[in-house]
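Reader: I am new to reading structures, and the words used for them look arbitrary to me. Could you show what stands behind each one?

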Amino acid sequence: WSNKLDARLGFYQNQGEEVQSNQDLLRLTSKLNLKAIRNWNYTIEAQGNTQMMNHYSGSGDDKELQSRFLAPADLSFTVGMDFKKSFDKGSISIFPGPLSYKLNYVLDDALASNYGIEAGKHARHDLGSKIEINFDYKITDDISYKTRFYYFTGRYEYVQMDWENTLNFQVSKYISTKLFFHTRFDDLVDPSPNWKYFQFKQYLMLGLNYTW
């Protein structure tokens, strides 16, 4: 039985504008595994994610609330098989889930329509399939790479995909630099004029590390 909590919160400020969040994630994953054969396990997974802060579009008097805590929130239960393998410089996990239930919940009535939920309702229930791949690799003693690929199709009518990539450069014992690139595809929401259903995020971060 394995459990993982991802919590990310970052901020930035452009000159003359208010402080805004450039990353905001609260994700809990719980997996119950039963050994099958070699590196394969029968697996039941529960996963939930939302955000912690309010997010707006526009600025000043024209800003409009786009999302906030539990608006939206996703909760899924998946049955499948998990392939796990560790090697000298990293590890990989491949989890295909042919049977997956997903609850998409939006606490705020005014935001529900932004996430494919019918007017007057707070939730959307879907059955579908998913696959999630997690891979990390130590390229050199000072450079490592980590990626997470997530794909879900609800009712086999729409697709939600996330691909997170992180390069970590260990500059010294206490200082590191991270390059993060995130691609998202979601054809359940209204398309943007430029990128349609795709969204992109990238940032470069310099931070302090202490390991014990």
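**Terms and their cut-offs**

Reader: Why is Arg-68 called partly exposed?

Author: The relative accessible area of Arg-68 is 25%. Buried means under 20%, exposed over 50%, and partly exposed in between, found with a 1.4 Å probe on protein chains only. The value 25% falls between those limits, so Arg-68 is partly exposed.

Reader: How do you know what to count, and how residues are numbered?

Author: This is a predicted model, in which local features need pLDDT of at least 70 and side-chain atom pairs count only at pLDDT 80 or more, while totals for chains, interfaces and linings use all residues. Residues are numbered from 1 along each chain as its sequence is written, and side-chain values use heavy atoms, with hydrogens and water left out.

Reader: What makes Asp-108 and Arg-68 a salt bridge?

Author: A salt bridge needs a side-chain nitrogen of Lys or Arg within 4 Å of a carboxyl oxygen of Asp or Glu. The closest N and O atoms of Asp-108 and Arg-68 are 3.5 Å apart, and 3.5 Å is within the limit, so the pair qualifies. The partners are 40 residues apart: Asp-108 sits in the loop between strand 7 (90–105) and strand 8, and Arg-68 in the loop between strand 5 (64–67) and strand 6 (73–87). Asp-108 has a relative accessible area of 19%, so it is buried.

Reader: Why do such side chains pair at all?

Author: Side chains of opposite charge can pair when their charged atoms come close.

Reader: How do you know whether Asp-186 and Arg-184, which form a salt bridge, are buried or exposed?

Author: Asp-186 has 5% relative accessibility and therefore counts as buried. Arg-184 has 21%, so it is partly exposed. Their closest N and O atoms are 3.3 Å apart.

Reader: And what makes Glu-118 exposed?

Author: Its relative accessible area is 53%, so Glu-118 is exposed. Its salt-bridge partner is Lys-121, with 3.4 Å from N to O. Lys-121 has 44% and therefore counts as partly exposed.

Reader: How many salt bridges are there, and which residues are linked in a network of them?

Author: The structure holds 15 salt bridges. The network links Asp-6, Arg-8, Arg-27, Glu-45, Lys-130, Glu-132, Arg-148 and Glu-164.

Reader: You mention strands; how do you know where one is?

Author: Helices (H or I, at least four residues) and strands (E, at least two) are DSSP runs, numbered from the N terminus. By that count the chain has zero helices and 12 strands.

Reader: What makes strand 10 and strand 11 a pair?

Author: Two strands pair if DSSP finds at least two bridges between them. Strand 10 (residues 158–170) and strand 11 (residues 175–186) have 11 bridges, in the antiparallel sense, so the requirement is met. One of the bridges joins Leu-167 to Leu-179, which is in strand 11.

Reader: Why are strand 1 and strand 12 called edge strands?

Author: An open sheet of 10 strands, paired antiparallel, has the order 1-2-3-6-7-8-9-10-11-12. Strand 1 (2–12) and strand 12 (198–208) each pair on one side only.

Reader: What is notable about the backbone of Tyr-156 and Lys-196?

Author: Tyr-156 is not a glycine, yet has a positive phi of about 60 degrees. Lys-196, also not a glycine, has a positive phi of about 60 degrees. Tyr-156 lies in the loop between strand 9 (143–154) and strand 10, and Lys-196 in the loop between strand 11 and strand 12. With 60% relative accessible area, Tyr-156 is exposed; with 52%, Lys-196 counts as exposed too.

Reader: What makes a space a pocket?

Author: On a 1 Å grid over the protein atoms alone, where a 1.4 Å probe fits, a pocket is an open set of points with protein on both sides within 12 Å along at least five of seven lines; lining residues have an atom within 4 Å of a point. The second largest pocket has 36 lining residues, and Lys-4, Asp-6, Arg-8, Asn-134 and Lys-146 are the closest to its centre. Strand 8 (residues 123–138) gives the most to this lining, with six residues.
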